[in-house]
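Subject: A structure for you to look through

Hello,

I am handing over the structure we spoke about, together with some notes on what was found in it. Please keep the view open while you read, so that each part can be followed on the screen.

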Amino acid sequence: MTMKAVVISSPGGPEALEVREVEDLPAPGEGEVLVKVAAAGVNRADTVQRQGKYPPPPGASLYPGLECSGTILALGANVPSRWAVGHQVCALLTGGGYAEKVVVPAGQLLPVPEGVSLTDAAGLPEVACTVWSTVFMTSHLSPGESFLIHGGSSGIGTFAIQIAKHLGIKVLVTAGSEEKLAACKDLGADVCINYKTEDFVARIKEETDGKGVDVILDNIGGSYLQRNLNSLAVDGRLFIIGFMGGVVTEVNLAVMLARRLTVQAAGLRNRSIGNKAQIVSEVEKNVWPAVVSGKVKPVVYKTFPLSEAAESHKLMETSSHIGKILLIP
């Protein structure tokens with residue numbers, strides 16, 4: 001038996017992605033389920049993996065894809081009884097989403113939320129788990145606080161705006177075009193800043209009566225570090241989840257001491273199976289009710305067939321999208 005999967009032929013540009021007939025997956029092991037993929041989310045990390053700069057952890061699938069939705073085809077031993085063959089699920093993956101089937105530890109499964117299509121559900125696990133595990137579980141972003149999201153129109157951004165507004169948080173975003181800022185405003189953002197034409201630090205100070213924001217979610221890294229620190233209030237927390245602006249910079253740390261600031265960084269992929277299961281469980285408890293009630297909706301910009309994975313990466317790398325990009329096997 002074979003299945004179709006997207007293979008990285010050799011590290012490089014989008015054209016390095018090729019759909020091939022590959023060997024079928026082995027039966028799911030202990031605590032694992034086999035899922036027939038209905039849709040897979042495309043994430044920026046996938047483009048970095050394709051370039052050879054973000055290798056899968058030991059034992060992970062070599063095919064890209066960090067989230068998917070689909071139907072359970074088979075169960076391994078000792079899978080919790082809530083899961084059964086035929087159930088519609090979405091899942092956080094360590095890799096392997098760009099394929100017709102994928103094996104997932106049961107602790108990384110989520111039910112498809114009522115009111116969300118099976119396809120659109122593929123766009124939820126990575127953003128929900130990233131945002132919940134960082135600014136909520138770690139930075140303790142709380143109702144009544146203020147929150148700055150860089151790249152408000154990204155998959156992460158469009159989700160973060162909605163869940164934060166739902167929880168009674170003041171949301172400020174940066175984005176690079178009027179169209180993107182309008183989309184952020186429609187999702188509930190209170191303050192929308194065009195980083196290409198405005199100094200975001202000055203604008204944040206203005207919008208917070210000179211205090212600064214409580215929490216920042218940042219995917220830029222180096223080139224924004226000083227400006228991010230300068231934008232934080234007393235006891236502020238900066239959470240870094242990406243380095244689109246590089247990993248090296250020079251920084252004046254005085255502001256950290258003066259305002260008791262915290263800088264944190266984390267990803268999802270290299271966490272242990274137990275740690276991922278804990279995050280997924282918290283997401284189901286805290287985020288899923290907001291999705292079911294329609295307060296938080298998946299924002300899907302475009303879907304591509306699996307055979308056009310290269311096109312999906314080209315789109316991701318132009319950053320012209322608003323929300324999530326999905327692949328359909």
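The sheet is a good place to begin: six strands form an open sheet in the order β10-β9-β8-β11-β12-β13, with parallel pairing. The two strands at the edges are β10 (191–194) and β13 (262–265), each of which has a single partner strand, so one side of each is left without a neighbour in the sheet. On average, and with direction ignored, neighbouring strands of this sheet are turned by 15° against each other; the axes behind such an angle are lines fitted to C-alpha atoms, for helices over the stretch in contact, and angles run from 0 to 180 degrees between N-to-C directions. Two strands are said to pair if DSSP finds at least two bridges between them, and the names themselves come from DSSP runs numbered from the N terminus, namely helices (H or I, at least four residues) and strands (E, at least two). As a general point, strands of a sheet pair through backbone hydrogen bonds, either parallel or antiparallel.

Before going further, please note that this is a predicted model, in which local features need pLDDT of at least 70 and side-chain atom pairs count only at pLDDT 80 or more, while totals for chains, interfaces and linings use all residues. Residues are numbered from 1 along each chain as its sequence is written, and side-chain values use heavy atoms, with hydrogens and water left out.

Within the sheet, strand β8 (residues 146–150) and strand β9 (residues 170–175) pair in the parallel sense over five bridges, and one of the bridge partners to look for is lysine 170 in β9, which belongs with serine 146. Elsewhere, strand β3 (residues 32–42) pairs with β6 in the antiparallel sense, again over five bridges, and there valine 35 stands opposite valine 102 in β6. Four of the five residues of β6 are buried, so this strand is largely enclosed by the rest of the structure; buried means under 20% relative accessible area, exposed means over 50%, and partly exposed lies in between (1.4 Å probe, protein chains only).

Strand β6 (101–105) also appears, with α8 (273–286), among the elements that give two or more residues to the lining of the second largest pocket. About 450 Å³ of space lies in this pocket, and of its 27 lining residues, Gly59, Ala60, Ser61, Thr94 and Val103 lie nearest its centre. The largest share of that lining, five residues, comes from β6. By class the lining has 14 nonpolar, eight polar and five charged residues, where Ala, Val, Leu, Ile, Met, Phe, Trp, Tyr, Cys and Pro count as nonpolar, Asp, Glu, Lys and Arg as charged, and the others, Gly among them, as polar.

The structure also holds one cavity of 30 Å³ or more, and the largest cavity has a volume of about 50 Å³. Helix α3 (residues 155–166) gives the most to its lining, with four residues, and the lining divides into five nonpolar, four polar and two charged residues. On a 1 Å grid over the protein atoms alone, a cavity is a set of points where a 1.4 Å probe fits but cannot get out, and a pocket is an open set with protein on both sides within 12 Å along at least five of seven lines, while lining residues have an atom within 4 Å of a point. Grid points are joined across faces, edges and corners, and a volume is the space filled by probe spheres set on the points.

How many disulfides does the structure hold? It holds zero, a disulfide being a pair of cysteine sulfur atoms within 2.5 Å. The sulfur of cysteine 68 is 8.1 Å from the closest cysteine sulfur, in cysteine 90, which is too far for a bond, and cysteine 129 is in no disulfide either, with the nearest cysteine sulfur, that of cysteine 90, 8.7 Å away. Cysteine 68 is buried, at a relative accessible area of 1%, and cysteine 129 is buried at 0%.

Finally, aspartate 209, in the loop between α5 (200–207) and β11 (213–218), has a phi near 55°, a positive value in a residue other than glycine, and is exposed at 67% relative accessibility.

Best wishes
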